[in-house]
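Visitor: I should like a close look at a single part of this model, namely the sheet and the surroundings of the ligand. Please describe that part in detail, and then place it beside the helical regions.

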Amino acid sequence: MSAPVRERRGIGGAGTPVRGKGLDLVPPELRQGLVVTAVLALLAGGGRIVAPLTVQRTIDAGLTAHSVGPAVAVGAGAVVVAGASSMLLNRRLQERIERHLAALRRTGLRRVHEMPAATVDRTPSADLVARLTSDVDQVTTFLQGGGIQFVTNAAQLVIATVILLVYSWQLALPVLVLAALLIAVMMGMQRVIARRYDVARRDLSRLQSVVAESVTGGAVIRSTGTEERARAKLDDAVDRARDSLLRTLPPLHGNTSLGELTISAMTVTVLLGGVWWSLGGDPPRLTAGQVVAMVFLVTFFVRPLQFLVQSLGEAQNALTGWRRALELAGTPSAERPGGVRLPGGPVEVRLRDVSARYGDGPLVLRDVTVDIAAGEHVAVVGRTGSGKSTFAKLLTRRLDPAGGTVLLGGVPLDRLAPTAGRVVIVPQDPFLFDGTLAENVRLGSPGGNVPQILEELGLHDWFATLPDGLDTEVGLRGERLSAGERQLVALARTALADPDLVVYDEATSGVDPATDVAVQRALAVLTRGRTTVSIAHRMLTAEAADRVLVFDDGRVVQTGRHDDLVRRPGPYAALIEAWHR
Ligand SMILES: Nc1ncnc2c1ncn2[C@@H]1O[C@H](COP(=O)(O)OP(=O)(O)OP(=O)(O)O)[C@@H](O)[C@H]1O
């Protein structure tokens, strides 16, 4: 049995892709020059703390002109150093974090392209887009909203703690106990807020999907008169996103109130406790300058805590966004570097007792055993829902078999190296990029001769009728061409890429008779000398194939040449009769 691609982590699997602990969590862009960053943070944080120290010395020296002058000079010098270091640090961190985020977007996009096709198919595209855009933007928003200052503030907190302890550990102790309690409560809250933000971001990306669907499917909604249903779906998505965002507020507000209360308690403790403590001894245990300095230091101590308390929501939102982007960047690649390369030439296809299902759903293909010889053209036919597209997905690795083995060129799928360029699918509605017809045909073969391939496929007359010939702009997703014409472009693109196995999913509608003839002619040329599996919806296509596979309810129920099958009573004859009707 070919083992399905296992996803260990990332968006397709459980768990987080963030590897290791400690420094591994710090992106490489920040890990470089960490010592310089730490020195700048200490200078920026420590420089500000010099001010209360000079105030203390000046007060204790009796506030004489002799003591004030040097104190002002030292204080001013420290402020300049702190300011310059803080500026350098902020610029350095911002620049490095943005570099990291840009790398994250790039890796994320690469992962989308390398992801197992099955994962892409079952992940809403809006979710992938959100992970590469708005989720990453949350980090930048948080940094620009003051988050970047946090490093300086954290350094300041550490230095202030040490000096407070040196002045009076008895006074510093209640402050530290209050801070520890606050941090413990905040960490508990943070977990709750994180969970709620996670739900909120998922609901927001679902909202994006619903909006995108309503906009792109606008014409269908209008023509089918289903505006009410579309609106109800949108309302539901809007309500869910709003409710989940609102659910993040109670713990945030509770956290802010508790934080403000604790911080006020710290200041009062030091001020009142300091006066009482200093007066309580003979001689006084603390000088007046030390009490004033301690009040200043507590302010420096609580500032980072205050920031943490007030911006916990944005910090959590940014962290959630960052984690979602990291998850995408950590999604395992479907590419197996050590995989076996497909043997050259037309590909032989073999399926042995293959079954397939979507997710945890029922089996939609059962006991499929099929041999397709190298170079053979097989048409797959059957009623709607009989499993034709699922069969095509197995061959192009958009779905892993639930059981049995699929072999291409004698190699089980799970041992194959990437087959890009060798195995190509021509979908029902091919994706065209905004650009010219020639650019779209040349997509996978940059040096390819477009006029020649169109000539070979018998499409010269068709493109000659287009206003700008090969330079015709096809528009976004090829909207300026008809569905049939988009398939012609895809057939030409495939022929130019010269694959060894073509899986052709015939368009079911939107093809006028003239284009249909052009498609059939191009297909006949394309299938020459290469293995082709056509999901056929037209008798002409089935007739042109070397052999027909008839699917019914997930099984192959008939196989043979069109001419033989059509004369025998059975599912194929019934299907042909239905097509005629
Ligand atoms: N992405 C999916 N998730 C869950 N079930 C699916 C999915 N795609 C197809 N199915 C189910 O699998 C079964 C086979 O579908 P499949 O698309 O292979 O049929 P088909 O013969 O290609 O139909 P059609 O001619 O309408 O394209 C159907 O019951 C269908 O509902």
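Guide: What follows begins with the sheet, moves to the ligand and ends with the helices. The model is a predicted one, and every value below is computed from it.

The sheet is open and has 6 strands in the order β6-β7-β8-β3-β9-β10, with mixed pairing. Its edge strands are β6 (423-426) and β10 (555-560), each of which pairs on one side only. From one strand to the next, the twist averages 20°. As a general point, the strands of a sheet pair through backbone hydrogen bonds, in either a parallel or an antiparallel sense.

Strand β8, residues 531-535, merits particular attention. In the strand order, β8 stands between β7 and β3. Towards β7 (residues 501-505), the pairing is parallel and consists of 5 bridges. Towards β3 (residues 377-382), the pairing is also parallel, over 4 bridges. The residue S534 of β8 appears in both pairings: S534 is the bridge partner of Y504, and S534 is likewise the bridge partner of A379.

How many of the residues of strand β8 are buried? The count is 5 of the 5, so β8 is largely enclosed by the rest of the structure. The criterion behind this statement is that a buried residue has 20 or more other C-beta atoms within 10 Å of its own. In a regular strand the side chains alternate between the two faces of the sheet. In β8, T531, V533 and I535 lie on one side, whereas T532 and S534 lie on the other. Both faces are covered, since these residues are all buried.

At the other end of the strand order, β9 (residues 547-552) and β10 are joined by 5 bridges and run antiparallel. Within that pair, V550 stands opposite Q558 of β10. The two strands form a hairpin with 2 residues between them. In the turn of this hairpin, D553 has a positive phi of about 50°.

The ligand comes next. Which residues surround the ligand? They are Y358, G361, V364, G382, T384, G385, S386, G387, K388, S389 and T390. By class, the shell comprises 2 nonpolar, 8 polar and 1 charged residues. One of the shell residues, G382, falls within strand β3, which spans residues 377-382. The element that gives the most to the shell is helix α14, residues 388-395, with 3 residues.

Helix α14 is itself largely enclosed by the rest of the structure, because 6 of its 8 residues are buried. These buried residues are K388, F391, A392, K393, L394 and L395. K388 is therefore both a member of the ligand shell and a buried residue by the C-beta count. After α14 comes R397, whose phi is positive, near 60°.

The helical regions may now be set beside this part. Two packed helices are described by the angle between their axes and by the distance between the axes. Helix α2 (residues 34-60) and helix α7 (residues 150-167) have axes that come within 8 Å and cross at roughly 55°. That angle makes α2 oblique to α7, and their crossing is right-handed. For helix α5 (residues 125-132) and helix α8 (residues 169-216), the axes are 8 Å apart and the packing angle is about 125°. These two helices are therefore oblique to each other as well. α5 passes α8 in a crossing that is right-handed.

Helix α3, residues 65-114, contains M87 and also R92. M87 is exposed, with 12 other C-beta atoms within 10 Å. R92 is partly exposed, with 17 other C-beta atoms within 10 Å. Both residues can be related to L40. The C-alpha atoms of M87 and L40 are separated by 9.4 Å, with their positions 47 residues apart along the chain. For R92 and L40, 52 residues apart along the chain, the C-alpha separation is 9.8 Å.

Definitions and conventions:
Residues are numbered from 1 along each chain as its sequence is written. This is a predicted model: local features need pLDDT of at least 70, side-chain atom pairs count only at pLDDT 80 or more; totals for chains, interfaces and linings use all residues. A residue is near a molecule or strand if its C-beta atom, placed from the backbone, lies within 6 Å of it. Ala, Val, Leu, Ile, Met, Phe, Trp, Tyr, Cys and Pro count as nonpolar, Asp, Glu, Lys and Arg as charged, and the others, Gly among them, as polar. Two strands pair if DSSP finds at least two bridges between them. Axes are lines fitted to C-alpha atoms, for helices over the stretch in contact, and angles run from 0 to 180 degrees between N-to-C directions. Angles under 35 degrees count as roughly parallel, over 145 as roughly antiparallel, 65 to 115 as roughly perpendicular and the rest as oblique. A crossing is left-handed if the near helix is turned anticlockwise from the far one by less than a right angle, and right-handed if clockwise.
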